[in-house]
Amino acid sequence: MTIGFASRVAVPTCALCAAGLLVLAPAAAATGTGVDPGPRATPAAASLLYRPGTHVRPHRGTPAVPDLSARSWLIADARTGEVLAAHDAHRRLPPASTLKTLFALTVLPALPSGIRHRVGAEELEDVGPGSSLVGVAENRTYRVADLWNGVFLSSGNDAVRVLAGLTGGWRDTAERMQAKARSLGARDTRVTSPDGYDAPGQVSSAFDLAVFGRAGLRNPEFARYCALREARFPGRDGDSYGIVNTNRLLTGADGVAPYRGLIGIKNGYTSDAGNTLVAAARRGGRTLVATVMNPRSDDGYAVYEETRSLLDWGFAAAGRVDPVGSLDALRTGPLRGPEAESAAVPVARRQDGPGRPVSWTIAGAALLGGAGTALFLRLRWGPVPAG
């Protein structure tokens, strides 16, 4: 391990739809405030994080950074973007389903949660063998909100396929995810399969995944979905069944103790990636975001325990270390929305008159044009169905 001791000098730290349609979306109504004016750091501030090894700049008496088995990890302050410590932060590794954080950042703003869609058989044909599934079935109608529950809780690649199809298709979604990553300053990420399924050349990094997680917390819908411990998913004949978040640090399942103050975000696993996790927790008015990629421990739940150790250290060390970099270092655009204040963030609904929220139905497809992407929707005004 290489640890850098420093003086007390701090280190500086194609869109969907016509704008008129997006203004009507619940997500847009919920995220219209709190715009970060732009990056406050320069690429030079991130240079230390490109060097191999562990980087931390502690003050005297700061607790020692934990010794983790993960191939790559990072912990940062979600409000400021300052990186408190990291190990091989820009090492490019398969991300598994943590890539769904970028998928959600890209697609959530384009699809109002009340849209109802009947799934055709062709939409599920290319789901990869061995994929995690929530149970989306052909010829069944789902709300977009149901499908997002399937993405965040069950890591359902079937739900990702349907949502991607509703916003332009698989290839277009991957291209827009790539563009979104670049705008956030995530330069290590290469998107081939939007669901995180193992694919040649598909990589991300602890740095990039922390960037995605931090940005997600500023979207109230993302924050709400990633904090859900359980939900109901539509089944046969109008019935539903329970689904539970696979993030054991959130739920406390399988003998993994839940982490106090955890906001959530996303876990993942594939044979190539091993276990990956992006997690955020809030204590004492401070929110930290941590990424742990591919622990080499024989313990299948090591990703949770190593993340626990990293978050514990971060809360103990915050204010007692100088930053070793910034999540804003390479960002080119504004970071929108306020930091999430709790694990359960309400989602605002736009009302059409007294007590009548907007609901939507799909009338067309997202078409990629030379000047950008347009999503053609037909509005159906009426109550959003319960469930």
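**Entry 1: terms and overall make-up**

I take helices (H or I, at least four residues) and strands (E, at least two) as DSSP runs, numbered from the N terminus. The model I examined is a predicted one. I found 10 helices and 14 strands in the protein. I then looked up burial for the chain as a whole: of its 387 residues, 58% count as buried. The exposed area comes to about 15,500 Å², and carbon and sulfur atoms supply 52% of that area.

**Entry 2: residues with positive phi**

I next looked at backbone angles. Most residues other than glycine have a negative phi. I noted two residues against that background.

Asp254 is not a glycine, yet its phi is positive, at about 55°. I located Asp254 in the loop between helix H9 (248-251) and strand S8 (262-270). Its relative accessibility is 48%, so Asp254 counts as partly exposed; the cut-off for exposed is over 50%.

Ile265 also has a positive phi without being a glycine, with a value near 135°. Ile265 belongs to strand S8. I recorded a relative accessible area of 1% for Ile265, which means that this residue is buried.

I also checked Gly168, which comes just after helix H5. The phi of Gly168 is positive as well, at about 120°.

**Entry 3: two covered helices**

How many of the 10 residues of helix H5 are buried? I found nine, so helix H5 (residues 157-166) is mostly covered. Charged residues are included in the buried set of H5, among them Asp158 and Arg161. Further members of that set include Val160, Val162, Leu163 and Leu166.

I then turned to helix H7. H7 has 12 residues, and the distance from its first C-alpha to its last is 17 Å. That span is close to the 16 Å expected at 1.5 Å a residue. As 12 of the 12 residues of H7 are buried, this helix is largely enclosed by the rest of the structure. Phe207, Asp208, Phe212 and Arg214 are among the buried residues of H7.

**Entry 4: salt bridges**

Side chains of opposite charge can pair when their charged atoms come close. I recorded 10 salt bridges in the structure and examined several of them.

The side chains of Arg286 and Asp77 form a salt bridge, at 3.0 Å from N to O. Arg286 is in strand S10 (residues 286-295) and Asp77 in strand S2 (residues 70-77), so this pair ties together parts that are 209 residues apart in sequence. I compared the accessibility of the partners: Arg286 is partly exposed, with a relative accessible area of 32%, whereas Asp77, at 7% relative accessibility, counts as buried.

Asp188 forms a salt bridge with Arg92, and their closest N and O atoms are 3.7 Å apart. I placed Asp188 in the loop between helix H6 (170-183) and helix H7 (206-217), and Arg92 in the loop between strand S3 (82-87) and helix H3 (100-107); the pair therefore ties together parts that are 96 residues apart in sequence. Asp188 has 2% relative accessibility and counts as buried. Arg92 is partly exposed, with a relative accessible area of 43%.

Are Arg143 and Asp146 buried or exposed? I found both of them buried. Their side chains meet in a salt bridge of 3.4 Å, N to O.

I also noted a network of salt bridges that links Arg214, Asp328 and Arg331. Arg214 of this network is one of the buried residues of H7.

**Entry 5: a negative patch**

Which residues gather in a patch of negative charge on the surface? I identified Glu122, Glu125, Asp126 and Glu138. I looked up Glu125 in particular. Glu125 lies in the loop between strand S4 (116-118) and strand S5 (141-143). With 58% relative accessibility, Glu125 counts as exposed, because exposed means over 50%.

**Entry 6: Arg296 and Asn275**

My last item was Arg296, which lies in the loop between S10 and helix H10 (302-317). Its relative accessible area is 47%, so Arg296 is partly exposed. I checked the separation between Arg296 and Asn275: they are 21 residues apart in sequence, and their C-alpha atoms are 9.3 Å apart in space.

Key:
Residues are numbered from 1 along each chain as its sequence is written. This is a predicted model: local features need pLDDT of at least 70, side-chain atom pairs count only at pLDDT 80 or more; totals for chains, interfaces and linings use all residues. Side-chain values use heavy atoms; hydrogens and water are left out. Patches are made of residues with over 30% relative accessible area and no salt bridge: like charges are joined within 9 Å, nonpolar side chains (Val, Leu, Ile, Met, Phe, Trp, Tyr) within 5 Å. Accessible areas come from the Shrake-Rupley method with a 1.4 Å probe; for residues, only the protein chains shown count as cover. A salt bridge is a side-chain nitrogen of Lys or Arg within 4 Å of a carboxyl oxygen of Asp or Glu. The place of a charge is taken as NZ of Lys, CZ of Arg, CG of Asp or CD of Glu. Buried means under 20% relative accessible area, exposed over 50%, partly exposed in between (1.4 Å probe, protein chains only). The expected span of a helix is 1.5 Å times one less than its number of residues.
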